[in-house]
Amino acid sequence: MTQTALPGAPIIIAGAGIGGLSAALALNQAGFPVHLVEKAPDIQEVGAGLQLSPNACAVLDLLGVLDSVRQAAFQPERIRIRSGTTGKDLAAVPLGRDARDRYGYPYLVVHRADLQNALLSQAEKNPGIDIRLGASLTRPEQTPSGSILCHVESLHGDDMLEGRALIAADGVWSRLRPYVRKKSGARFTGQTAYRATLPADGLPPHMLRDTGLWMGPNAHVVHYPIKAGRELNVIVLIKEDWQEESWSGRADRTTVMQALSGWYGELRDLVERPDHWLKWALCGVPASGGWTNGPIALLGDAAHAMLPFAAQGAAMAIEDAAVLAQCLADGTANVSRALKAYEAARKERVRKVQDLAARNASIYHMSGPLALARNTAMRMMGPHRMAAQMAWVYGWKPPKAAARPPLT
Ligand SMILES: Cc1cc2nc3c(=O)[nH]c(=O)nc-3n(C[C@H](O)[C@H](O)[C@H](O)COP(=O)(O)OP(=O)(O)OC[C@H]3O[C@@H](n4cnc5c(N)ncnc54)[C@H](O)[C@@H]3O)c2cc1C
């Protein structure tokens, strides 16, 4: 594909998930008109909760949505890491005030719908962002003039859109990814996530203060408050061989309880509470594959879906959005080169975060003597070294944020 320069032509985004919505806001803020095309008839929440580390919050602040997200979110005091089998404390990563002091931004836990609604209502306020719901974007082609032409298929009939670039933010099972890279599609990781939410009433108070992380053989459990502390989100991550392209397969409590048989009573009591569980197979997309082809670029999970074991998938999509907008603003005269600059700026960091998540998978699920060695090492580290270990992830700032005063 050849490169293009089309002043004034819009940028087309496929997918209005967290990545696509963030990209629409960032690109529009950088002066580009945007067509945002989403195949679902309405913006749906996928999964229930999300941890938003300070690196993601720094971008949300730039996009003007941090305040509304913060109102619906909760700021946990720490990540409390315990043994799933004995319940003993192993380590803690301080968050709360510590995160705000260290990074200038909070560490939030939030319901996905609250984040998506905040991004969507900001986008809807903006006449420069044309949002089309219930429409699937397909078959992008580059025109002789270098623009990109896409088919938009919907129940109301088909349409064509022309733009200076196409950003494929169409998620882990991206149908647009083959237009950028022929190989390295989504691969099942051999892990399944089970999730449920439950009312906060009657839960032990520490569960409503902290993010809880329980590690055990072949599984781990994460829980944190959402809906400003009124509900608890529980995720049980299990090594198993089930796969389906869905964010919301039905699951039953018995499977979850069986995977945690012999685990600590307090945790089993928690997992026994919810009546409804959903599950999804965790897939990965290697960040090392190509991210761009001429005026087409991948963003978010379409480029680099990862295990959620560092709680960074959405954060990386949000970071992508800020860098993409900056690269396109700096390089309007040559879109393909600007997109290459975006790929170069993002790839190494995302690859490192993806590796961290994969490493956490084997650390969290250890058993026998390896688990004992891990527990001893974690106990010796102490909270400050635990926090310092994450500074390269949480301390990242978007290109323009350096000039802005940090939040208090
Ligand atoms: C169990 C679990 C827990 C997680 N926890 C965290 C966490 O705590 N913190 C964190 O940062 N991340 C977390 N993540 C990761 C995070 O959920 C994802 O990385 C993030 O949602 C990816 O956003 P996205 O916009 O790239 O893709 P998606 O959210 O998948 O959005 C893609 C959108 O594209 C649309 N679409 C698809 N094809 C087309 C098309 N052809 N035309 C138009 N629209 C199309 C889809 O309908 C969808 O709306 C977690 C993931 C899992 C599975």
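**View 1. Ala311 sits in the loop between helix H8 (301-304) and H9.** The model is predicted. Phi of Ala311 is near 50 degrees, a positive value in a residue that is not glycine. Ala311 is partly exposed: its relative accessible area is 22%. That value falls in the partly exposed class because buried means under 20% and exposed means over 50%. Ala311 also meets the ligand. One of its backbone N or O atoms lies 3.2 Å from a nitrogen atom of the ligand.

**View 2. The ligand has 28 residues around it.** The closest are Gly19, Glu38, Arg112, Trp280 and Asp301. Asp301 makes its approach through the side chain: an N or O atom there is 2.7 Å from an oxygen atom of the ligand. Gly313 uses its backbone instead, with a polar atom 3.3 Å from a nitrogen atom of the ligand. On its own, the ligand has 1000 Å² of accessible area, and the protein covers 91% of this. Several elements give two or more residues to the shell around the ligand. They are helix H1 (18-29), strand E2 (34-38), strand E3 (49-52), E8, strand E17 (277-284) and helix H9 (313-330). Sorted by class, the shell holds 14 nonpolar, 9 polar and 5 charged residues.

**View 3. Strands E8, E9 and E10 form an open sheet, in the order E8-E9-E10.** The pairing is antiparallel. Strand E8 (135-142) and strand E10 (157-163) are the edge strands, each pairing on one side only. From one strand to the next, the twist averages 25 degrees. E8 pairs with strand E9 (residues 148-154) over 6 bridges. Within this sheet, Glu141 has Leu149 in E9 as its bridge partner. E8 is also among the elements that give two or more residues to the ligand shell.

**View 4. A second open sheet has 6 strands and mixed pairing.** The strand order is E7-E2-E1-E11-E19-E18. At the edges are strand E7 (129-133) and strand E18 (292-293), and each pairs on one side only. Strand E1 (residues 11-14) and strand E11 (residues 165-168) run parallel, joined over 4 bridges. Ile13 has Ile167 in E11 as its bridge partner. Strand E2 of this sheet also gives two or more residues to the shell around the ligand.

**View 5. His220 lies in strand E14 (residues 219-226).** Is His220 buried or exposed? At 1% relative accessibility, His220 counts as buried, because the limit for that class is under 20%. The side chain of His220 has a partner: a polar contact of 2.8 Å joins it to the side chain of His365.

**View 6. Lys227 is in the loop between E14 and strand E15 (231-239).** Lys227 is not a glycine, yet its phi is positive, at about 50 degrees. Ala311 shows a positive phi as well, near 50 degrees.

**View 7. Trp396 belongs to the segment after helix H12 (391-394).** Trp396 is buried, with a relative accessible area of 15%. The class is buried because the value must be under 20%. How far apart are Trp396 and Ala228 in space? From C-alpha to C-alpha, the distance between Trp396 and Ala228 is 25 Å. In sequence, Trp396 and Ala228 are 168 residues apart.

Methods. Residues are numbered from 1 along each chain as its sequence is written. This is a predicted model: local features need pLDDT of at least 70, side-chain atom pairs count only at pLDDT 80 or more; totals for chains, interfaces and linings use all residues. Side-chain values use heavy atoms; hydrogens and water are left out. Two strands pair if DSSP finds at least two bridges between them. Axes are lines fitted to C-alpha atoms, for helices over the stretch in contact, and angles run from 0 to 180 degrees between N-to-C directions. A residue is near a molecule or strand if one of its heavy atoms lies within 4 Å of it. A polar contact is a pair of N or O atoms within 3.5 Å; within protein, one must be able to donate a hydrogen and the other to accept it, and residues adjacent in sequence count only if both atoms are side-chain atoms. Accessible areas come from the Shrake-Rupley method with a 1.4 Å probe; for residues, only the protein chains shown count as cover. Ala, Val, Leu, Ile, Met, Phe, Trp, Tyr, Cys and Pro count as nonpolar, Asp, Glu, Lys and Arg as charged, and the others, Gly among them, as polar. Buried means under 20% relative accessible area, exposed over 50%, partly exposed in between (1.4 Å probe, protein chains only).
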